[in-house]
Amino acid sequence: MMTMENINANVAGRGKSPTLGTNELSAAMEAEGREVFRFGFGESPFPVPDVVAEALRQNAHQKSYLPVQGLPELREAVAQFHGRREGLGLTVEQVMIGPGSKELMFLLQLCLDAEVLVPTPCWVSYVPHGEILGRPVRLIHTTSDERWLLSAERLAEEAPDATPRLLILNYPGNPQGTTYSQQELEALADVAREKNIIIMSDEIYGELHHDGGHQSLVRYYPEGTIISSGLSKWCGAGGWRLGTFVFPEELSWLREAMCSVASETYSTVSAPIQYAAVSAYSGGEEMESYLSASRRIIKAAGNWAAHRLNEAGVAVHHPEGAFYLFLDFSTMAPAIAQMGIETSSVLCEKLLEETGVVLLSGEAFSRPPEELTARLAYVTFDGGEALKAVGGSVDDSFLGKYCPKVVEGIDRLTKWAEALSG
Ligand code: PLP
């Protein structure tokens, strides 16, 4: 009889993804009647745009299996979408559709036999993917002074020779909310080219650059950049499970390998979802106004929260995209140590207990456990109501009315921090 001893050593003892765990814990506390500020889970607060939801209704009858690589009309729309933004001629062959970009990233690490470089803080699943697959993963810890981003100099140090490697970059970043400037992207591209590095450029928050100014690394390193994106964040459709990869022509062998594994596992993404996604990628006025209103709301909420937290002595960079802040409590380390708190995870438990605020510890983002950092996702508001109400400027009174949980949660956190700082 088989027992737990027979489990693959790479998956033994693994819990659930920490973001899902926190979500469940907050739900359990709420069920007990405690007021909880769920800043742990990073889901878009906005509804799927009407035009896209209607396209899904219209396509409910689509019942046939689609090509493994994805619906050709959708691949064309995705190629146009990224090509338009980056000023590149991308083709339908370069695009692969998957059941969420997370699955495509896992397939990538499965198919590519190379060391994986991951700058931290990083999104929670890149490292587990490598660990499950037994890949060598090298963490590159960035610093707050670097805005938690990878510099070209650090990359050059970490890739001392031209052995092929895979670098995972994510910008605007989860958990840090910051992004790369054009100069920074150009410098990274130069090093990557010289060192033979393939870059998986996770741009799932690209459309949620707060000023609509996202630029992809693909502009400066077209031959080695795979753009990863999908509907989950900018189209409010995480549960639809649709992700996209755009490969350079030079990496068609890698795309083919991934399609081959896809054909033996999930086969293809749900047909109605793929048909509906065409309308999201085709753009148009309704999509533009949805996106521009979404950006204005999250930009205002993020900046307001960062300002308040900085004033209370919690170090945090003002966000440039997405809907996260990466908080650094090290400024109050002595007072925190006096409470017997030695890790970010214990700090988050204490905060939950004392303020009802749920944060995800820096440890979940591959930071050293003893570093007092944590991620705050400022998405605890009804995005549908906020979108309907957003007119002119998104000021403090708008935030108080439409994002009250964000405002109260930040108030509680800042009071806690101020009391600690004395
Ligand atoms: N990349 C980042 C940085 C994310 O935050 C997420 C989701 O939280 C994903 C990728 C995965 O997105 P999906 O699998 O829904 O496309």
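## Strands, cores and a ligand

In this predicted model, the bridge partner of Glu 115 in β5 is Arg 165.

Me: Which strands stand at the edges of the open sheet?
Reply: Happy to walk through it! Seven strands make up this open sheet, in the order β2-β8-β7-β6-β5-β3-β4, and their pairing is mixed. An edge strand pairs on one side only, and here the edge strands are β2 (95–98) and β4 (137–141).

Me: How many bridges join β5 and β6?
Reply: Let's start on the other side, where β3 and β5 run parallel and are joined by three bridges. β5 and β6 pair in the parallel sense too, and here Asn 170 has Asp 202 in β6 as its bridge partner. The number of bridges between β5 and β6 is six.

Me: Why is β5 largely enclosed by the rest of the structure?
Reply: Look at its two faces. Arg 165, Leu 167 and Leu 169 lie on one side, Leu 166, Ile 168 and Asn 170 lie on the other, and all of them are buried. β5 is largely enclosed because its buried residues number six of six.

Me: In which sense do β7 and β8 pair, parallel or antiparallel?
Reply: Good one to check in the structure! Find strand β7 at residues 225–230 and strand β8 at residues 243–246. Ser 228 stands opposite Phe 245 in β8. Four bridges link the two strands, and the sense is antiparallel.

Me: At about what angle does helix α4 run to β8?
Reply: Helix α4 covers residues 101–111 and lies across several strands, including β2, β3 and β5. β8 is also one of the strands that α4 lies across, and the angle to β8 is about 45°.

Me: Which helix gives the most to the largest nonpolar core?
Reply: That core has 84 residues, and Phe 329 is among those with the most contacts inside it. Beyond its neighbours within four places in sequence, Phe 329 touches residues including Val 314, Leu 359 and Trp 416. Apart from this core lies another, of 32 residues, with Met 96 and Tyr 266 among them. With twelve residues, the helix that gives the most to the largest core is α10.

Me: How far is a polar side-chain atom of Asp 202 from a nitrogen atom of the ligand?
Reply: There are 14 residues around the ligand, and Asp 202 is one of those that come nearest, as is Arg 241. An N or O atom in the side chain of Arg 241 is 2.7 Å from an oxygen atom of the ligand, while for Trp 123 a polar side-chain atom lies 3.5 Å from a ligand oxygen atom. For Asp 202 and the ligand nitrogen atom, the distance is 2.6 Å.

Technical notes:
Residues numbered from 1 in each chain as written. Predicted model: local features only at pLDDT ≥ 70, side-chain atom pairs only at ≥ 80, totals over all residues. Heavy atoms only, no water. Pairing = 2+ DSSP bridges. Contact = heavy atoms within 4.5 Å. Axes fitted to C-alpha atoms, helices over the stretch in contact; angles between N-to-C directions. Core = buried A, V, L, I, M, F, W, Y, C linked by side-chain atoms within 4.5 Å. Buried < 20%, exposed > 50% of the residue type's maximum accessible area, 1.4 Å probe, protein only. Near = heavy atom within 4 Å. Polar contact = N/O pair within 3.5 Å; in protein donor to acceptor, adjacent residues only side chain to side chain.
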